[in-house]
Amino acid sequence: MVDLAEKEMDNPTFRSDTVLSDVHLHCPSKRHLMVRLNAVGQPVFLSYFKLLWSTEDLASGKHVREIPTGGEHQCRSGDELCDEDRSNVKKEGELNSEGVEALLDDDGDLEVVRRPRSASDLQAEDPLRDIVCPVILMKGKEDAFEDEKQECASSDVVKIEHTMATPLEDVGKQVWRAAFLLADYILFKRDTFRRCSVLELGGGTGITSIIMGTVAKRVYCTDVGEDLLGMCEQNIALNKHLMESGGGEIKVKELDWLKDEFCTDPEAPYSWSEEEIADLLDHCSVIMAADVFYDDDLTDALFRTLYRITHNLRNSCTVYLALEKRLNFTLRHMDVTCEAYSHFRNTLNDLENLQDGKMKYTVEPIKLDFCQFLVYERIEQLMGTFLDLVGKSSGHPDASFSGERNIEEVKGNLRNPCSALSSDKREECPNLLGKYGNLIASVLLDWINET
């Protein structure tokens, strides 16, 4: 068995029906160390992601970060760096516009290339991002890179175990750019999240929860799949040193969007205790999710989960969503489209227009002009959105949670979001829910008929 495992580690294969995150192709680390095989036989790699602001500086409130320039490290204020970033974006836009003219041949025809050259590509001396192909280090060759290991043990490096080139159902085991974007926003707005209680939906490898754990009081990092949750737990253990200064705590839990209840089976790994459910509903003020909008059914399930949970929170809540708009040519439209993003926007608009007398959802885009704290390519297809959720006390007794709450009653309300409505309003549930009723009307009507 051992010989077979070693043989598999020496000969990993990436099939044509798999997907690979650009993060792993454009990883700042020039090597990918394969450390083990997971429970389903997939190679697991260890990558290092450098924070441009150290966690010690974050804890002390200093606005400094390190930028490699000509082999030296210079520390400058955050405001100066933001101004420089905006200047670089402007220069890059000018270069890209000049590049369009350069792509025309003598006849005026467009010579198509994969992407225009950016300003960072032109800085050949010491670019911030190296485009590299993964070099898999086989078992037993780690000693040759002992210096790199020592360098990556510092407080400004995030160590993440992940897989590469997975089937679509296992994409949570990879690291994606939108997770870095949300992590950037957390570090930029760290005073907003300081000492908060946070829930992450679809946490994947856990990198966003780890960054949130440097400033928040408690983070519930949730996903599905014992193997994925085990990898996430391992990553949190690898990065405990990042959270020591802030005193944050991260709990890895299972939360299946296709189910109406929290998993409370004590025999199941990563299940919830009644105390943890009560703590989440009593104190959670931030919910976040990154790069989880790639399948229409899962998008619908996520918004149903958001609807159920937010209607049982004691406090008002803000939801932060980050995603990458992925463009594809489809024969059905005979054009370049992004159907997953379009479905996300339509569902988000339905949620914003929802009128059920309980919650008011306000959707606002996040301007991406904040500083970058992790090394990745912040492409224009990356975008962020936040939803402010404010509960209305009238007609919604669960909004204030007065007195001691029975945990079974809370679970029942999660299953039946219309339970707080008066009996004469129950038949109007689909109308009150507007277009969003398409997502949950069947569940509500089944419950109403039973009552």
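A cavity, as I use the word here, is a set of grid points where a 1.4 Å probe fits but cannot get out, and its lining residues have an atom within 4 Å of a point. I start there because rolling a probe the size of a water molecule over the atoms shows where empty space is left. The model on the screen is a predicted one.

First, the overall picture. The protein has 451 residues, and 47% of them are buried. There are 18 helices and 15 strands. Take the contacts with a separation of 6 or more: 72% of them are between residues 24 or more positions apart.

Now the cavities. The structure holds five of 30 Å³ or more. I will discuss the second largest, with a volume of about 70 Å³. Which residues lie nearest its centre? They are Leu255, Asp260, Thr305, Arg308 and Ile309, out of ten residues in the lining. By class, that lining has five charged, four nonpolar and one polar residue. The element that gives the most to the lining is helix H13, residues 296–310, with three residues.

That brings me to H13 itself. Its 15 residues should span 21 Å at 1.5 Å a residue, and the end C-alpha atoms are 21 Å apart, so the expected and modelled spans agree. The helix is mostly covered, with twelve of the 15 residues buried. Thr305, Arg308 and Ile309, which I named at the cavity, are among those buried residues. Others in the buried set include Phe303, Leu306 and Tyr307, and also the charged-class residues Asp300 and Arg304. At the start of the helix, a side-chain oxygen of Asp295 comes to within 3.1 Å of the backbone nitrogen of Asp297.

The last residue on the buried list for H13 is Thr310, and Thr310 is touched by Leu389. Leu389 is in strand E15, residues 382–391. Is Leu389 buried or exposed? Its relative accessibility is 2%, and buried means under 20%, so Leu389 counts as buried. Leaving out residues up to four places away in sequence, Leu389 also touches Ser316, Cys317, Val319, Met359, Lys360 and Tyr361. Between Leu389 and Ser316 the C-alpha separation is 5.8 Å, although the two are 73 residues apart along the chain.

Staying with strand E15, I turn to Thr318. The C-alpha atoms of Thr318 and Leu389 are separated by 5.8 Å, with their positions 71 residues apart along the chain. Thr318 lies in strand E11, residues 317–324. With a relative accessible area of 15%, Thr318 falls under the 20% cut-off and is therefore buried. What is Thr318 in contact with, leaving aside its neighbours within four places in sequence? The contacts are Ser285, Val286 and Ile287, and then Phe386, Leu387 and Asp388. With Asp388 there is a polar contact of 2.8 Å, side chain to side chain.

A second threonine is worth setting beside that one. Thr347 is in helix H14, residues 339–352. Its relative accessible area is 4%, so Thr347 is buried as well. Here the polar partner is a backbone atom: the backbone oxygen of His343 lies 2.8 Å from a polar atom of the Thr347 side chain.

Next, two loop residues with backbone angles to check on the screen. Ala165 has a positive phi of about 55 degrees, although it is not a glycine. Ala165 sits in the loop between strand E6, residues 157–162, and helix H7, residues 177–188. At 13% relative accessibility, Ala165 is buried. Tyr270, also not a glycine, has a positive phi of about 65 degrees. Its loop runs between strand E9, residues 249–254, and helix H12, residues 274–283. Tyr270 has a relative accessible area of 17% and is buried.

The loop with Ala165 leads to H7, my last element. How many of its twelve residues are buried? Eleven are, so the description of H7 as mostly covered follows from the 20% cut-off. Among them are Arg177, Phe180, Leu181, Asp184 and Tyr185. As for length, the twelve residues of H7 should span 16 Å at 1.5 Å a residue; the end C-alpha atoms are 17 Å apart, which agrees.

To close, the point to look at again is H13: it is mostly covered, and it gives the most to the lining of the second largest cavity.

Note on methods: Residues are numbered from 1 along each chain as its sequence is written. This is a predicted model: local features need pLDDT of at least 70, side-chain atom pairs count only at pLDDT 80 or more; totals for chains, interfaces and linings use all residues. Side-chain values use heavy atoms; hydrogens and water are left out. Helices (H or I, at least four residues) and strands (E, at least two) are DSSP runs, numbered from the N terminus. Buried means under 20% relative accessible area, exposed over 50%, partly exposed in between (1.4 Å probe, protein chains only). Contact means heavy atoms within 4.5 Å. A polar contact is a pair of N or O atoms within 3.5 Å; within protein, one must be able to donate a hydrogen and the other to accept it, and residues adjacent in sequence count only if both atoms are side-chain atoms. On a 1 Å grid over the protein atoms alone, a cavity is a set of points where a 1.4 Å probe fits but cannot get out, and a pocket is an open set with protein on both sides within 12 Å along at least five of seven lines; lining residues have an atom within 4 Å of a point. Grid points are joined across faces, edges and corners, and a volume is the space filled by probe spheres set on the points. The expected span of a helix is 1.5 Å times one less than its number of residues.
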